[in-house]
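This report introduces a protein structure to a reader who has not met it before. Please look through the sequence and the structure first, and then turn to the text.

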Amino acid sequence: MNKKGAIELSMTTIIVIVLGITLLSLGILWIRNSFSSIQTLTEGQFRQASQIIDATPTGNQKLNLPIEMDVKSGQTIGFKMYLLNDGSASGTKFNIKINGDFPSGLRVGVIGQKDNAEEMTYDIAEGETQEIDALIIVPKSIKTGTFQYTVEVTDESGEIYEQKGFFFTIKNE
C-alpha cells in the first residue's frame with residue numbers, strides 16, 4: 001500500500017509540473033506577442049512622423065515630399081507634397097507629373113480635380129505654398145518590390161521648375 005501512495009504523489013507532482021510549464025509557456029507567448037504588436041505600432045508611428053517631417057515645408061525649398069515610404073500589398077496609402085512658388089517661375093500655373101515605371105495595376109497619382117491623375121495643374125500665387133494630396137494604390141497581385149518615381153514640376157512655359165525623386169517599398173501582408 002505504501003508503494004501505491006508514492007505513485008499517486010508522483011503523478012500529482014507530474015501533473016502540477018506539466019500544468020505549471022504550460023501556463024508559463026502561454027504567459028511568455030502572450031507577453032512576447034504583446035511586445036511585438038507594441039513594437040510594430042511604434043515603428044509605424046515613427047515612420048509616419050518621419051514622412052510628415054520630410055514633407056513639411058521648410059525654408060525656401062520649392063518641393064517637399066516624403067523621400068521613402070513603406071506600403072503593404074493590397075493597401076492604399078496617402079501622402080502630402082508641398083509646392084512653393086518662390087517667384088522664379090514664369091507665371092503662377094504649375095503642372096505636377098509623377099514619372100516612373102508603373103507595374104500593372106499599381107497607381108501613383110495626385111488627388112485633385114480629376115480623380116487620381118498622374119498629372120495635375122495648380123495655380124499658386126507668388127510666395128504661397130500649395131498642399132497637394134497624393135495616393136499610392138497597390139494591388140494584392142504585387143507582393144514585394146522597391147519602386148522609384150520622380151515628381152516633376154513645370155511652370156507655364158514648360159520649363160522644369162523643380163524635380164525630386166522618392167521611392168517606396170511594397171511589403172507582403
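The sections below go from the overall layout to individual residues and pairs.

## Overall layout

The model described here is a predicted one. The protein contains one helix and ten strands. Their order along the sequence is α-β-β-β-β-β-β-β-β-β-β.

The protein has 173 residues, of which 27% are buried. Its accessible surface amounts to about 11,100 Å², and carbon and sulfur atoms account for 57% of that area. When contacts between residues at least 6 apart in sequence are considered, 65% of them join residues at least 24 apart.

## A nonpolar patch on the surface

Four residues, Trp30, Ile31, Phe35 and Ile38, form a nonpolar patch on the surface. Together they have about 480 Å² of accessible area.

Isoleucine 38 belongs to helix H1, which covers residues 2–55. With a relative accessible area of 47%, isoleucine 38 is partly exposed, because that value does not exceed the 50% above which a residue is called exposed.

## Aromatic pairs

Five aromatic pairs are found when the whole structure is searched. In one of them, phenylalanine 79 and phenylalanine 166 are tilted, with 5.5 Å from centre to centre and 55° between the planes. Phenylalanine 79 is part of strand S3 (residues 76–84) and phenylalanine 166 is part of strand S10 (residues 160–171), so this pair ties together parts 87 residues apart in sequence. Both partners are buried: phenylalanine 79 has a relative accessible area of 4%, and phenylalanine 166 has one of 1%.

Another tilted aromatic pair is made by phenylalanine 94 and tyrosine 161, at 4.8 Å centre to centre and with 55° between the planes. Phenylalanine 94 lies in strand S4 (residues 93–100) and tyrosine 161 in strand S10, and the pair links these distant parts of the chain, 67 residues apart. Phenylalanine 94 counts as buried at 0% relative accessibility, and tyrosine 161 counts as buried at 6%.

## An aromatic cluster and a charge over a ring

Phe79 and Phe166 also appear in a wider grouping, as Phe79, Phe147, Tyr149, Phe166 and Phe168 form one aromatic cluster.

Tyrosine 161 takes part in a further arrangement: the charged end of lysine 62 sits over its ring, 4.6 Å from the ring centre.

## Surroundings of threonine 154

Threonine 154 is located in strand S9, which spans residues 145–154. Its relative accessibility is 12%, so threonine 154 counts as buried, the limit for that class being under 20%.

Which residues does threonine 154 contact, leaving aside its neighbours within four places in sequence? They are Lys93, Phe94, Asn95, Glu159, Ile160 and Tyr161. Two of these residues, Phe94 and Tyr161, are the partners in the aromatic pair described above.

## Salt bridges

Side chains of opposite charge can pair when their charged atoms come close. The structure holds four salt bridges, and those described here involve lysine 80 and lysine 93.

Glutamate 131 and lysine 80 meet through their side chains in a salt bridge of 3.2 Å, N to O. Glutamate 131 lies in strand S8 (residues 129–137) and lysine 80 in strand S3, so the pair ties together parts 51 residues apart in sequence. Glutamate 131 is partly exposed at 39% relative accessibility, and lysine 80 is partly exposed at 34%. Aspartate 133 also forms a salt bridge with lysine 80, in which the closest N and O atoms are 2.6 Å apart. This pair links distant parts of the chain, with aspartate 133 in strand S8 and lysine 80 in strand S3, 53 residues apart. Aspartate 133 is partly exposed, its relative accessible area being 31%. Lys80, Glu131 and Asp133 are thus named together as a network of salt bridges.

Aspartate 123 and lysine 93 form a salt bridge whose closest N and O atoms are 3.6 Å apart. The pair links distant parts of the chain: aspartate 123 is in strand S7 (residues 119–123) and lysine 93 is in strand S4, 30 residues apart. Aspartate 123 is partly exposed, with a relative accessible area of 49%, and lysine 93 is partly exposed as well, with 39%. Lysine 93 is also among the residues in contact with threonine 154.

Terms used:
Residues are numbered from 1 along each chain as its sequence is written. This is a predicted model: local features need pLDDT of at least 70, side-chain atom pairs count only at pLDDT 80 or more; totals for chains, interfaces and linings use all residues. Side-chain values use heavy atoms; hydrogens and water are left out. Helices (H or I, at least four residues) and strands (E, at least two) are DSSP runs, numbered from the N terminus. Buried means under 20% relative accessible area, exposed over 50%, partly exposed in between (1.4 Å probe, protein chains only). Contact means heavy atoms within 4.5 Å. Accessible areas come from the Shrake-Rupley method with a 1.4 Å probe; for residues, only the protein chains shown count as cover. Patches are made of residues with over 30% relative accessible area and no salt bridge: like charges are joined within 9 Å, nonpolar side chains (Val, Leu, Ile, Met, Phe, Trp, Tyr) within 5 Å. Rings of Phe, Tyr and Trp (its six-membered ring) pair if their centres lie within 6.5 Å; planes under 30 degrees apart count as stacked, over 60 as edge-to-face and the rest as tilted. A charge sits over a ring if NZ of Lys or CZ of Arg is within 6 Å of the ring centre and within 35 degrees of the ring normal.
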